[in-house]
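Q: Please take a close look at one part of this model and describe how it is packed. I should then like to see how the surrounding structure is held together, both by nonpolar groups and by charged ones.

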Amino acid sequence: MLTFTLPDGSSVAVEPQVVCNAGYAGRDQAAVASHIAELAELGVPAPAVTPSLYPISPYLAQQTDEVVVQHGRTSGEAEWALIVTGDTRDDVLLTVACDHTDRELEVHGVAWSKNASPDVLGTAAWRLSDVADHIDDITLSAWVGHGSDTADTLIQSGTLGDLLSPDYWLDVLAERKLLREGTIVISGTIPMVEGIDQFADSWRVAMTDEATGATIECGYRVARMPEPIG
């Protein structure tokens, strides 16, 4: 069960039923195509269509301060998340998220890599209807930390206007009959700053409503599993 605190101090609890990660979801799809070509050179298979939508196990939507991984080549992604709390477009919350992804597994299949680690969600949320009229101006930023729990090196910075809109994904959910309580869609991410090591020991993501100054954050440490036997 996930619990979100709203600006008025009330809380909403949601049990994840269907969780999907959007991929290649930049609003500039020409730039997305260039990015796909770059990834192909690194061995990451191209998607059959863009944008993509990858179902993941519902238990991977978590509110946690620690993500446990199998090796040192995993990293987060700054994203937003829609949480459907009812059966209409008025029953939708917006929060911040960080999609932790296995980069070694990604070269074998993006969908597999998305199921290897959690999507970390914020514990606060806004009603989507309250920010819909200025959604594109909301900023999204991520910081990483190396060797400590302090994530203070900026690695991603942009706005929700850089990504396909929540309305786009709500249309997709409606078409697939998934616009119902317990559905969560995580947005896809914005580009990373070149030259910053993404394989970090900690991640922090912030989503800020510039109209009000309100910010929602999530953050976590990355911990390694013990070495296997066999």
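A: Contact, the term on which the packing description rests, means heavy atoms within 4.5 Å. Helices (H or I, at least four residues) and strands (E, at least two) are DSSP runs, numbered from the N terminus. The model is predicted: local features need pLDDT of at least 70, side-chain atom pairs count only at pLDDT 80 or more, and totals for chains, interfaces and linings use all residues. Residues are numbered from 1 along each chain as its sequence is written, while side-chain values use heavy atoms and leave out hydrogens and water.

The part chosen is helix α5, residues 166-175. Its buried residues (under 20% relative accessible area, against over 50% for exposed and in between for partly exposed, with a 1.4 Å probe and protein chains only) are Pro-166, Trp-169, Leu-170, Val-172 and Leu-173. Viewed down the axis of α5, these residues fall within an arc of 155° and so line one face of the helix; the arc is that of the directions from the helix axis to the C-beta atoms. An α-helix has 3.6 residues a turn, so residues three or four places apart point the same way. The buried residues of α5 pack against the strands β3 (18-23), β4 (52-56), β8 (78-84), β9 (92-99) and β15 (183-186), and also against helix α4 (128-131). After α5 comes Lys-177, with a positive phi near 60°.

The nonpolar interior may be taken next. A nonpolar core is a set of buried Ala, Val, Leu, Ile, Met, Phe, Trp, Tyr and Cys residues joined through side-chain atoms within 4.5 Å. The largest holds 43 residues, and Leu-94, Leu-140, Trp-203 and Met-207 touch the most other members. Apart from it lies another core of 17 residues, including Leu-6, Ala-61, Leu-93 and Ala-97.

Asp-119, in strand β11 (residues 119-121), is buried yet has no salt bridge. A salt bridge requires a side-chain nitrogen of Lys or Arg within 4 Å of a carboxyl oxygen of Asp or Glu. For Asp-119, the nearest side chain of opposite charge is Lys-114, 6.7 Å away; Lys and Arg count as positive and Asp and Glu as negative, with His and the chain ends not counted. Lys-114 is itself linked with Glu-77, Asp-99, Arg-103 and Glu-106 in a network of salt bridges.

Eleven salt bridges are found in the whole structure. One of them joins the side chains of Asp-65 and Arg-221 at 3.9 Å, N to O. Asp-65 lies in the loop between β5 and β6 and Arg-221 in strand β17 (residues 214-224), so this pair ties together parts 156 residues apart in sequence. Asp-65 is partly exposed at 45% relative accessible area, as is Arg-221 at 30%. In another bridge, the closest N and O atoms of Arg-73 and Glu-104 are 3.0 Å apart. A further bridge, of 3.3 Å from N to O, joins Arg-204 and Glu-217; Arg-204 belongs to strand β16 (residues 202-209) and Glu-217 to strand β17, 13 residues apart.
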